[in-house]
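Subject: Structure for you to look through

Hello,

Here is the structure I said I would pass on. Please open it beside this email and follow along.

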Amino acid sequence: QLHSDVDKGDGSIKYILSGEGASSIFIIDENTGDIHATKRLDREEQAYYTLRAQALDRLTNKPVEPESEFVIKIQDINDNEPKFLDGPYTAGVPEMSPVGTSVVQVTATDADDPTYGNSARVVYSILQGQPYFSVEPKTGVIKTALPNMDREAKDQYLLVIQAKDMVGQNGGLSGTTSVTVTLTDVNDNPPRFPRRSYQYNVPESLPVASVVARIKAADADVGPNAEMEYKIVDGDGLGVFKISVDKDTQEGIITIQKELDFEAKTSYTLRIEAANMHVDPRFLSLGPFSDMTTVKIIVEDVDEPPVFTSRLYSMVVSEAAKVGTIIGTVAAHDPDASNSPVRYSIDRNTDLERYFNIDANSGVITTAKSLDRETNAVHNITVLAMESQNPAQIGRGFYETTVCENAQPGQVIQKISAIDKDDPPNGHQFYFSLTADAANNHNFTLQDNK
């Protein structure tokens with residue numbers, strides 16, 4: 001209520017109001033000076049209103065008092081609940097962390113007046129997530145509450161945090177937020193081979209640098225904590241094999257470094273160690289962070305073609321020698337354990353005029369025609385050796401050809417043929433294929449016309 005000392009109560013004074021909200025929010029009874037609010041007021045919308053009042057002579061409409069200014073302050077009530085403006089939250093904490101390790105701080109804001117009463121005084125509590133985590137009531141800092149939380153057993157937790165105003169008392173308003181906590185990995189799991197020993201069979205013909213086997217030590221950790229290195233620490237295959245690590249799969253890749261020979265050695269034993277590269281000193285008591293296994297490699301016999309005692313034989317014969325004269329002898333043997341008998345023949349592509357013969361069993365080479373030094377002073381012939389028990393040996397040829405760099409796909413660049421002088425002359429069926437090395441070159445293909 002406004003009142004002027006000049007007002008004697010006879011109605012000669014009238015009161016008027018101006019300023020913020022005058023006539024719309026606040027109205028004045030011009031006779032009594034009573035001020036009323038016309039609607040509910042929200043402190044959070046506007047906390048103060050500045051108004052001006054005047055007392056006028058009703059007849060002359062002139063001021064009887066100087067204009068006075070006054071402030072209406074809206075007194076707070078607890079009509080706003082706490083809100084987590086940054087929620088929901090996500091956070092991480094290393095597994096196996098000690099009790100009391102800070103995870104993340106959550107903050108709730110309350111629009112009520114922090115300077116008046118307890119309407120904006122917030123207390124935090126945890127509704128979901130116990131007994132693994134706790135929250136400090138005043139600060140909202142979330143901490144670990146259990147020791148030895150293992151990521152490999154459970155790696156994620158969903159917490160529900162409540163903020164309640166009125167210092168948490170009954171009748172206070174509350175709000176909640178969720179916090180997803182992920183346990184990050186530490187190296188608390190040593191690598192362990194699933195088996196104490198492994199065995200692999202490999203053919204003796206396996207090329208150098210080929211992969212013999214892939215083995216892996218199990219490690220429940222992830223990322224750098226699961227990285228390991230492998231090494232051969234013992235065994236009779238130290239110089240024959242090597243092991244490296246596949247960075248993507250963490251497997252140990254055993255490869256061959258020297259050619260294998262079943263006839264010389266039929267098996268090898270390797271002692272292999274796998275060890276973590278990044279060890280955490282806190283968990284050494286769980287170790288050792290390495291493990292050993294035994295790998296036995298069995299060399300399998302491969303039927304190998306006969307081997308000559310010499311790659312080049314040099315023989316001399318007089319041009320006057322009679323037909324059937326012995327010139328010399330070649331010798332080959334089967335390198336396999338079976339040591340099959342060997343049969344010899346002359347590659348007639350290198351002796352088209354059939355000047356020479358060879359005894360299939362003994363390897364003795366004789367003249368089949370009269371020789372003339374002046375016509376041909378040197379004859380280069382190729383002798384073939386074939387296992388008599390396995391005549392289906394594979395003939396291999398190396399061909400050299402040229403192709404233009406702008407050749408179109410599908411263009412024929414070379415035709416290859418083969419002959420077999422043995423009987424039957426019309427009954428042979430040849431099959432052509434590229435060797436494994438050549439087949440890996442996808443720039444070229446071979447068509448077998450049967």
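Below are my notes on the domains, two sheets, the cores and some single residues.

This is a predicted model, in which local features need pLDDT of at least 70 and side-chain atom pairs count only at pLDDT 80 or more, while totals for chains, interfaces and linings use all residues. Residues are numbered from 1 along each chain as its sequence is written, and side-chain values use heavy atoms, with hydrogens and water left out.

Domains

The protein divides into domain 1 (13–73), domain 2 (83–184), domain 3 (197–300) and domain 4 (307–404); such bounds come from an automatic or database domain assignment. Between the C-alpha centres of domain 2 and domain 4 there are 91 Å. The UniProt record, an unreviewed entry, places the annotation "domain: Cadherin" on residues 4–84, 85–193, 194–308 and 309–427. UniProt positions are given here in the numbering used for this model, feature names are shortened, and annotations may be inferred rather than shown by experiment. For residues 4–84, the end C-alpha atoms are 50 Å apart, with 0% helix and 36% strand in the span. For residues 85–193, the end C-alpha atoms are 50 Å apart, with 0% helix and 39% strand. Helices (H or I, at least four residues) and strands (E, at least two) are DSSP runs, numbered from the N terminus.

Two sheets

Strands of a sheet pair through backbone hydrogen bonds, either parallel or antiparallel. Two strands count as paired if DSSP finds at least two bridges between them.

One open sheet has 4 strands in the order S13-S19-S18-S15, with mixed pairing. Its edge strands, S13 (197–203) and S15 (228–235), each pair on one side only. Neighbouring strands in this sheet are turned by 30° against each other on average, direction ignored. Axes for such angles are lines fitted to C-alpha atoms, for helices over the stretch in contact, and angles run from 0 to 180 degrees between N-to-C directions. S18 (residues 267–276) and S19 (residues 290–300) are antiparallel and share 9 bridges. Tyr268 has Ile297 in S19 opposite it.

Another open sheet has 3 strands in the order S21-S25-S24, and its pairing is antiparallel. Here the edge strands are S21 (326–329) and S24 (356–358), each paired on one side only. The average turn between neighbouring strands of this sheet is 25°, direction ignored. S21 pairs with S25 (residues 364–367) in the antiparallel sense over 3 bridges. Thr329 has Val364 in S25 as its bridge partner.

Cores

In soluble globular proteins, nonpolar side chains tend to be buried together. A nonpolar core is a set of buried Ala, Val, Leu, Ile, Met, Phe, Trp, Tyr and Cys residues joined through side-chain atoms within 4.5 Å. Buried means under 20% relative accessible area, exposed over 50%, and partly exposed in between (1.4 Å probe, protein chains only).

Which residues touch the most other members of the largest nonpolar core? They are Val212, Phe241, Ile254 and Ile272, out of 24 residues. S13, S14 (211–215), S15, S16 (241–245), S17 (252–256), S18 and S19 each give two or more residues to this core. S18 supplies the largest share, 4 residues. Leaving aside neighbours within four places in sequence, the contacts of Ile272 (heavy atoms within 4.5 Å) include Ile215, Ile232, Ile243 and Ile254. A second, separate core of 22 residues includes Tyr89, Val122, Phe133 and Ile142.

Single residues

Gln54 is in strand S4 and is buried, because its relative accessible area is 17%. Asn61 lies in the loop between S4 (48–57) and S5 (68–73) and counts as partly exposed because its relative accessibility is 44%. Not counting residues up to four places away in sequence, Asn61 touches Lys14 and Leu56. Asn61 and Lys14 are 47 residues apart in sequence and 8.6 Å apart in space, C-alpha to C-alpha.

Most residues other than glycine have a negative phi, and most peptide bonds are trans. A cis peptide bond joins Gly87 and Pro88, with omega about -5°. Another cis bond joins Gln130 and Pro131, with omega about 0°. Asn148 is not a glycine but has a positive phi of about 55°, and is exposed, with a relative accessible area of 55%. Met166 also has a positive phi, near 60°; this residue is partly exposed at 23%.

Regards
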